[in-house]
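Colleague: Please show the sequence and the model, so that we may discuss them by question and answer.

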Amino acid sequence: MSTCPITHRRRAVLQQIRRGLLLAVLSLGTLRPHAAYAHGQALPFAFWGNFPTAAARCQRVLAFAATRCANRVWKVHTDCFNALLDGKACPTSSIGDLVQRAHLDSLNIIDLLCTSPEAQALGFLLKYEAQTDMNNFCSAVESALVSVVYGPVLEGSFVRLTDDRTRTCVEAMQRATSKFWRFAVRARLHALDRIVRNNVTPSDKQALIDASSLAVEDLGARIQKRLDAVCPTADFTSTYHHDEAALLQLVGQRADCLAAAVYVQGAIFCPTPVCGNGMQEAGEQCDDGNRVDGDGCSSQCTVEKTSTATLRVE
């Protein structure tokens, strides 16, 4: 009769340990530079793939958890800014709680559906490394997409929309970013997951990657045309300090950052950060699209002002 309480206590202790480890991964991801991958050296692309069934399943879990986290976090921010534009409040404390929940849920998915031997077969030392890289990727996407869409109109705790044309461009850029980011990720995942589970020759591997790149470029060109129809080039460059093609390319490259973070292969890389390109990347505290001091984001992409607990529209 005593085994049941002991089992329950043991299960409770194990759950506490697991939650503690997940929180440790979560905190580590917020402290370390997003460019630092826990998995270290990537595997040569020619020899990467054709994994055992269990490892291939774990690879799909890692990719799913990472994209799920990023999509949920991005929705949290777009919902917040949409509320602001409708004249409603959006406390940053509530954003933080929802973002942390998204991270923890994705970390739990990996914890429950992957094992350390499976992660090791994929190029990670331990499952903990895979969780850390997923967590870092999700945080990096959050910073990147928020900055590329809303960075130029954020000033401290305020969203400054100087006129209706600026608002139209920001709303159009948000829709374009959401659609393009999700398509680019799906295109990369489709190519990489085929290589993960099949015996594919090096030339065919590259052909799959090239096909996904062409698909992303094609959609990017079409989205750019639609964006230009709503927000003319002059209005867009006035708001974002860059043209549509340059910023959409940065959005599409977030899919490459996913490939570099949770697929331990050496063919697809996260682009090198560039201060002033309009997207907050690894090592940057902000990036509002220019190299001008005194506007809240310095010429070195460091924050010049601190924000308060609630965002507002002016």
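**Disulfides, helices and the nonpolar core**

Colleague: Is Cys-270 buried, partly exposed or exposed?

Modeller: This is a predicted model, and the answer rests on relative accessibility. Buried requires a value under 20%, and exposed requires one over 50%. Cys-270 has 30% relative accessibility, so Cys-270 counts as partly exposed.

Colleague: Which cysteine is the disulfide partner of Cys-270, and where do the two lie?

Modeller: Cys-270 lies in the loop between H9 and strand E4 (310–313), while its partner belongs to helix H9 (residues 244–262), and 13 residues separate the two along the chain. The partner is buried, with a relative accessible area of 4%. The two sulfur atoms are 2.0 Å apart, and a disulfide requires them to be within 2.5 Å. The partner is therefore Cys-257.

Colleague: Is the disulfide of Cys-257 and Cys-270 right-handed or left-handed?

Modeller: A disulfide is a covalent bond between the sulfur atoms of two cysteines. The torsion about the S-S bond of Cys-257 and Cys-270 is about 65°, so this disulfide is right-handed.

Colleague: How many disulfides does the structure hold?

Modeller: Among them is the link of Cys-275 to Cys-301, with an S to S distance of 2.1 Å. Another joins Cys-286 to Cys-297, with an S to S distance of 2.1 Å. The number of disulfides in the structure is 7.

Colleague: How many residues apart are Cys-275 and Cys-301?

Modeller: The link of Cys-275 and Cys-301 has 100° about the S-S bond and is right-handed. Both cysteines belong to the loop between H9 and E4, and the pair links distant parts of the chain. Their separation is 26 residues.

Colleague: Is Cys-286 buried or exposed?

Modeller: Cys-286 and Cys-297 both lie in the loop between H9 and E4, 11 residues apart. Cys-297 has 4% relative accessibility and counts as buried. For Cys-286 the value is 10%, and the limit for buried is under 20%, so Cys-286 is buried.

Colleague: What is the distance between the end C-alpha atoms of helix H2 (residues 53–85)?

Modeller: Helix H2 has 33 residues, and at 1.5 Å a residue it should span 48 Å. The distance in the model agrees with this expectation, since the end C-alpha atoms are separated by 48 Å.

Colleague: Which residue with a positive phi follows H2?

Modeller: The phi angle of this residue is near 85°. The residue that follows H2 is Gly-87.

Colleague: Which element gives the largest share of the largest nonpolar core?

Modeller: In soluble globular proteins, nonpolar side chains tend to be buried together. The largest nonpolar core here has 84 residues, and Leu-62 and Phe-137 have the most contacts inside it. Elements that give two or more residues to this core include helix H3 (92–113), helix H5 (127–150) and helix H7 (202–230). The largest share, 17 residues, comes from H2.

Colleague: Which residues are in contact with Leu-62, leaving aside its neighbours within four places in sequence?

Modeller: Contact requires heavy atoms within 4.5 Å. With those neighbours left aside, the residues in contact with Leu-62 are Ile-110, Cys-114, Leu-122, Phe-124, Ala-130, Met-134 and Val-262.

Colleague: Is Ala-176 buried or exposed?

Modeller: Ala-176 is placed in helix H6 (residues 164–197). Beyond its neighbours within four places in sequence, it is in contact with Ile-223, Leu-227 and Leu-248. Its relative accessible area is 8%, and the limit for buried is under 20%, so Ala-176 is buried.

Technical notes:
Residues numbered from 1 in each chain as written. Predicted model: local features only at pLDDT ≥ 70, side-chain atom pairs only at ≥ 80, totals over all residues. Heavy atoms only, no water. Helix = DSSP H or I, 4+ residues; strand = E, 2+ residues; numbered from the N terminus. Buried < 20%, exposed > 50% of the residue type's maximum accessible area, 1.4 Å probe, protein only. Expected span 1.5 Å × (residues − 1). Core = buried A, V, L, I, M, F, W, Y, C linked by side-chain atoms within 4.5 Å.
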